Amino acid sequence: MNQELPSYPPLASYDEISFWKKALHSRSFLVGASLAVLIVIAGVMSLFWTPHSIDVLSVTDRLQPISHDHWFGTDQYGRDIFSMLMVGARTSIIVALVAVGIGMCVGVPLGLLAAAKRGFLEEMVMRTNDLIFAFPSLLSAVLITSIFGPGTINAVIAIGIFNIPVFARVARGGALSLSGREFLLAARLSGKGSFLITLEHVIPNIANLLIVQATIQLSLAILAEAGLSYLGLGTQPPVASWGRMLYEAQTMVAFAPQLALYPGVAIILSVLGFNLLGDGMRDLLDPKMRRRVA
Amino acid sequence: MFWFAFLRLLGLTITLLAASLVIFLVLEVIPGDPAEVMLGLSAQADTLAALRTELGLNAPATERYVTWVLGMFQGNFGISYTYSVPVAELISERIQVSLPLAIGALTLSTILAIPIGVYSARHHGKSVDTGIMSIAQIGIAIPNFWFAILLVYVFAIVLRILPSGGFPGWGESVTGSLQALILPVVALALPQASILARVMRSALLDVLHEDFIRTARAKGLSNSATLWRHGVRNALIPVLTILGLQFSFLIAGTVIIENVFYLPGLGRLIFQGITQRDLIVVKSSVMLLVALTIFVTFLVDIAYAAIDPRLRQSR
């Protein structure tokens, strides 16, 4: 009785193939991914090369129109706008990535802990969550950055703090929705403790949920960074940031309205990109939850 | 229902207390002595000491916390270091700008978003729907302060029909004050309206798939009567959630928008208070905004339970 079992392709690759196949037909995924990749490339490239240096102020070059030399013209200090937009992309991406990273690294374990232990601990975690939610996020970011001093790092921390409850909530919700499923019961029967179960079974099953949420949070973090640096509390000159560029453009808006146009469009495109990417991935990964909770 | 409201109210009180503690502690660690900031670097040591006593800075932190919280219950918010007037007076003056701004934006975004969302859901899948939703998608991505600058350029600089900033005050000129608020309200409302329209549309689409919609149509109700009486009414629950959440965003949004338009509102008061180390002003104004947010969340929770009896048992 040596009957051979039919062989199946490994599950992961099966999923992957259908994911990319569907992705090629999803408009929001394609547009979102292209925009996001574009912004990331511009930011990474600015580390090695920009058309002009943005540290040099030159009065003679101020407010140049669009030309071969200056693709988007220059600002009132004679800096090349295209180069500044590239550096601004880097600032936005770094701040957003680290802030969302902080939110994930702190929030997800807290949410999972709450779901695994339940009871008093869960109550504590969720009430602390509610407390953070009660602070209008940008208001507290303004408070934090102005107390500890303006700057990139404090802006990252301030935005990061408000990502913690979001991820705690998503992780807990996802973990609770799995409770009672057969594969978790099987894992428990095989003698695994709740830590191992969470690590080996819960996390892989809520990963999609977290990735989608992270993408949406990235777009919110880019907006928040722009808001803080517009108020002068985020990244400080000479490092360029889109919010700061808008602040400087505002005083010039009567004479050179184009200065306000470029950074605004850059912010919109990157926020739009990550939002569409998140929406697209949500549709692809989990068709059941197509609704966006803003 | 009574128990639900009671438990919620208890939770509200605890959250308020915790929030006040957080605000107090955060402002305790602020570097710089307020008395020194007020008097400048050349101040004499004994004048400094006298001022510290006057401001109550010598008392232990716990005592100052209790005095602050109890004072707020009696409407006594202390006296501003920099303006030398009661903080309560400052706040009530500034809130006359911020409250109309926030309420105006909330109203405008709701008036815009609900019909647009319903219209879009009704034409689900058609090109109108796709078009509206694409615009909404872009609307969400637009930073309100950038939109504000754009509005100033078009309406104040090119067309010259609205002021670019500043606020004459309600006592000075009611029409002038209203005009000063138009652009800020529009700038705040647009991104919110985009989010709300999307939520309205998807909530309505969900409801329209329910059996009771088919029943309503089957019993002979017209399409639009079904839509409004059974569809929209049931779809309003998630919309209410988002409205509650948006209030918090709006409060935060006023901080930036008031800075763009130089409006003497609460957000700007807080922003200036921080830079001038006027901690009494910052402490109480932030607490007020947080309390307002918590209270709105509480109202939304209660409203839910009133609308949907199933929610009373949970939590």
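This is a short talk on chain B of a predicted model and on how chain B meets chain A.

Hello everyone, and a little housekeeping before we start. The model is predicted, so local features need pLDDT of at least 70 and side-chain atom pairs count only at pLDDT 80 or more, while totals for chains, interfaces and linings use all residues; side-chain values use heavy atoms, with hydrogens and water left out. Residues are numbered from 1 along each chain as its sequence is written, and chains are lettered from A and ligands numbered from 1 in the order in which they are written.

Let's begin with the overall build of chain B. Chain B has twelve helices and zero strands, where helices (H or I, at least four residues) and strands (E, at least two) are DSSP runs numbered from the N terminus. Its C-alpha trace spans about 85 × 60 × 30 Å along the principal axes. Of the 315 residues in chain B, 47% are buried; buried means under 20% relative accessible area, exposed over 50%, and partly exposed in between, using a 1.4 Å probe and protein chains only. Contact here means heavy atoms within 4.5 Å. Among the contacts in chain B with a separation of 6 or more, 72% are between residues 24 or more positions apart.

Now for the interface. How many residues does each chain bring to the contact? Chain B brings 46 residues and chain A brings 39 residues. The area buried between the two chains is about 3,800 Å², and carbon and sulfur atoms give 79% of that. Buried area is the accessible area (1.4 Å probe) that two parts lose on being put together, summed over both. Which three residues supply more than any other three of the area that chain B buries against chain A? They are Phe145(B), Trp146(B) and Ile149(B), with 15%.

On the polar side, the rule finds one salt bridge across the interface of chain B and chain A, meaning a side-chain nitrogen of Lys or Arg within 4 Å of a carboxyl oxygen of Asp or Glu. Arg198(B) and Asp279(A) form a salt bridge, with their closest N and O atoms 3.1 Å apart. Between chain B and chain A there are four residue pairs in polar contact, both residues at pLDDT 80 or more. A polar contact is a pair of N or O atoms within 3.5 Å; within protein, one must be able to donate a hydrogen and the other to accept it, and residues adjacent in sequence count only if both atoms are side-chain atoms.

Helix α10(B) gives the most to the side of chain B that touches chain A, with nine residues. By class, that side of chain B has 36 nonpolar, six polar and four charged residues. In that scheme Ala, Val, Leu, Ile, Met, Phe, Trp, Tyr, Cys and Pro count as nonpolar, Asp, Glu, Lys and Arg as charged, and the others, Gly among them, as polar.

Across on chain A, have a look at helix α10 (residues 242-250), where eight of nine residues are buried. Among those buried residues are Trp242(A), Arg244(A) and Glu248(A). The cover over the buried residues of α10(A) includes α7 and α10 of chain B, along with α2, α3, α9 and α11 of chain A.

Next, the aromatic rings. Over all chains the structure holds seven aromatic pairs. Rings of Phe, Tyr and Trp (its six-membered ring) pair if their centres lie within 6.5 Å; planes under 30 degrees apart count as stacked, over 60 as edge-to-face and the rest as tilted. Tyr65(B) and Trp68(B) make a tilted pair, at 6.3 Å centre to centre and 55° between the planes. Both lie in helix α4 (residues 61-73) of chain B, three residues apart, about one turn of the helix. Tyr65(B) counts as buried because its relative accessibility is 15%, and Trp68(B) is buried too, with a relative accessible area of 7%. Ring pairs also link Tyr230(A), Tyr247(A) and Phe145(B) into a cluster.

Finally, some single residues in chain B. Thr254(B) lies in helix α10 and counts as buried because its relative accessibility is 5%. A polar atom of the Thr254(B) side chain lies 2.5 Å from the backbone oxygen of Ile251(B). Leaving out residues up to four places away in sequence, Thr254(B) touches Leu101(B) and Leu188(B).

Is Asp46(B) buried or exposed? Asp46(B) is exposed, because its relative accessible area is 56%, and this residue lies in helix α3 (residues 45-55). Thanks for listening!
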